[in-house]
Amino acid sequence: MTSEQKIGLALSGGGYGGWVHLGVCDVLEKEKIPIDIIVGTSAGGVVGAALACGFSVREVIRHSKILKEKDFKKISENSFGIFDFRQGIEKIRKIIGDKNIEDLPKKFATVAVDIVNGEEVVIDRGPIIKAIEATICIPGMFPPVEIDGRYLVDGGLLNILPVDVCRKMGASFVIGVDVSKSFKVKFNYQPKKLKPLQRRIVNSIRNPYLSLLFKQKDLMLTIFGSVHIMGNKLRREKLEKYPPNVLIECEYEDAGLLDLVVDDKNYRNKLIETGRSIAERRIDEIRDLLR
């Protein structure tokens, strides 16, 4: 590797695949692959932000234990989203602090989408916590996040694996880690009526938001499925135009979850170990290409 070469790491979106990212990054860290630039979308944006702040992978894994799925699934009073994720965001703030992106030890950016005009927005300045909010803001699930007068949602809509952004930020060698392919919605459209017990429960719920959510329990399948279809189509087109030097595609066991954090410790560890295993099989190739 030449002294002028800048190594970039592009981390894809993919829900709970963020734990797989941590496994891959753990191997890169142990093998002392020097990462200069990190760009992430959605789950990749959260992992990338923590690493860009200077945390080791082990520290990120340890601190992440305070995050719970319920922190991101409070019922929202905002009509533009079902859930309120502010409690989860506050926990992330406690972990990484109130830092500005331009002050981080590594160059970092994350990707969002302007829901008003449909433009891709690269966030490479300003409060890192706002950048995280925007890039994980799944439309319909969470209300859009306002930054500088723009209303932003999950970057995975237009750029789920931001290799191109990594290149534009100066990376001459890019390692792309894609955990999005396994994040598939197990969608089986079979309209079902509420069972008698479910109907009694619904009728007993006074909160209209809770009542609606209980009745429309398969709504999130539709939202996640739509985002996944759009993101993967554009992902293929982007990769043809901006291929990484190394593409690590992580296939992992899909538990059929629609979760962001995953409370099951054993399953989290399994996802992390999957990432480690895949990265270990590619590490010699990465070293050879860097030489």
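# Notebook: burial, pairing and voids in a predicted model

**Entry 1. Overall architecture.** I began with the contacts of the protein chain: among those with a separation of 6 or more, 77% join residues 24 or more positions apart. The model is a predicted one. I then looked up the secondary structure and found ten helices and ten strands in the protein chain. The chain has 291 residues, and 51% of them count as buried.

**Entry 2. Helix H1.** I checked the length of helix H1, residues 18-30, against its expected span. For its 13 residues at 1.5 Å a residue, the expectation is 18 Å, and the end C-alpha atoms are 18 Å apart, so the two values agree.

I next asked how many of the 13 residues of H1 are buried. The number is eleven, so the helix is largely enclosed by the rest of the structure. The buried residues run through Gly-18, Trp-19, Val-20, His-21, Leu-22, Gly-23, Val-24, Cys-25, Asp-26, Val-27 and Leu-28. I recalled the geometry of an α-helix: with 3.6 residues a turn, residues three or four places apart point the same way.

I then looked up what covers the buried residues of H1. The cover includes three strands, S1 (7-11), S9 (173-178) and S10 (246-249). It also includes the helices H2 (43-52), H3 (57-63) and H10 (265-290). After H1 comes Lys-32, and I noted its positive phi, near 60 degrees.

**Entry 3. Strand S2 and the loop after it.** I turned to strand S2, residues 37-41, where five of the five residues are buried. In general, the side chains of a regular strand alternate between the two faces of the sheet. I therefore inspected each face of S2: Ile-37, Val-39 and Thr-41 are buried on one side, and Ile-38 and Gly-40 are buried on the other. Both faces are thus covered.

S2 runs parallel to S1, and four bridges join the two strands. Within this pairing I located Leu-11, whose bridge partner in S2 is Gly-40.

The loop between S2 and H2 contains Ser-42. Its phi is near 55 degrees, a positive value in a residue other than glycine. Is Ser-42 buried or exposed? Its relative accessibility is 10%, and the cut-off for burial is under 20%, so Ser-42 counts as buried.

**Entry 4. The antiparallel strands around S8.** I looked up the partners of strand S8, residues 150-154. Strand S5 (residues 107-114) runs antiparallel to S8, and three bridges join them. One position I recorded is Ala-112, which has Asp-154 in S8 as its bridge partner. Strand S7, residues 145-147, also pairs with S8 in the antiparallel sense, over three bridges. Here Ile-147 has Arg-150 in S8 as its bridge partner.

S7 and S8 form a hairpin with two residues between them. Asp-148 lies in the loop between S7 and S8. Although Asp-148 is not a glycine, its phi is positive, about 50 degrees. With a relative accessibility of 75%, against a cut-off of over 50%, Asp-148 counts as exposed.

**Entry 5. Cavity and pocket.** I searched for enclosed space; in general, rolling a probe the size of a water molecule over the atoms shows where empty space is left. The search gave one cavity of 30 Å³ or more. The volume of the largest cavity is about 620 Å³. Its lining consists of 32 residues, and those nearest its centre are Gly-15, Ser-42, Ala-43, Val-46 and Leu-260. The elements giving two or more residues to this lining are H1, H2, helix H4 (86-96) and helix H9 (219-241).

I then examined the second largest pocket, which holds about 210 Å³ of space. Which residues lie nearest its centre? They are Glu-29, Ile-33, Ile-35, Leu-51 and Lys-106, out of 13 lining residues. H1 gives the most to the lining of this pocket, with three residues.

**Entry 6. Cysteines.** I asked how many disulfides the model contains. The count comes to zero. I also looked up the accessibility of two cysteines. Cys-137 has a relative accessible area of 0% and is therefore buried. Cys-166 is likewise buried, with a relative accessible area of 0%.

Key
Residues numbered from 1 in each chain as written. Predicted model: local features only at pLDDT ≥ 70, side-chain atom pairs only at ≥ 80, totals over all residues. Heavy atoms only, no water. Pairing = 2+ DSSP bridges. Disulfide = S-S within 2.5 Å. Buried < 20%, exposed > 50% of the residue type's maximum accessible area, 1.4 Å probe, protein only. Expected span 1.5 Å × (residues − 1). Contact = heavy atoms within 4.5 Å. 1 Å grid on protein atoms, 1.4 Å probe; cavity = no way out; pocket = protein on both sides within 12 Å on 5 of 7 lines; lining within 4 Å. Points joined across faces, edges and corners; volume = space filled by probe spheres on them.
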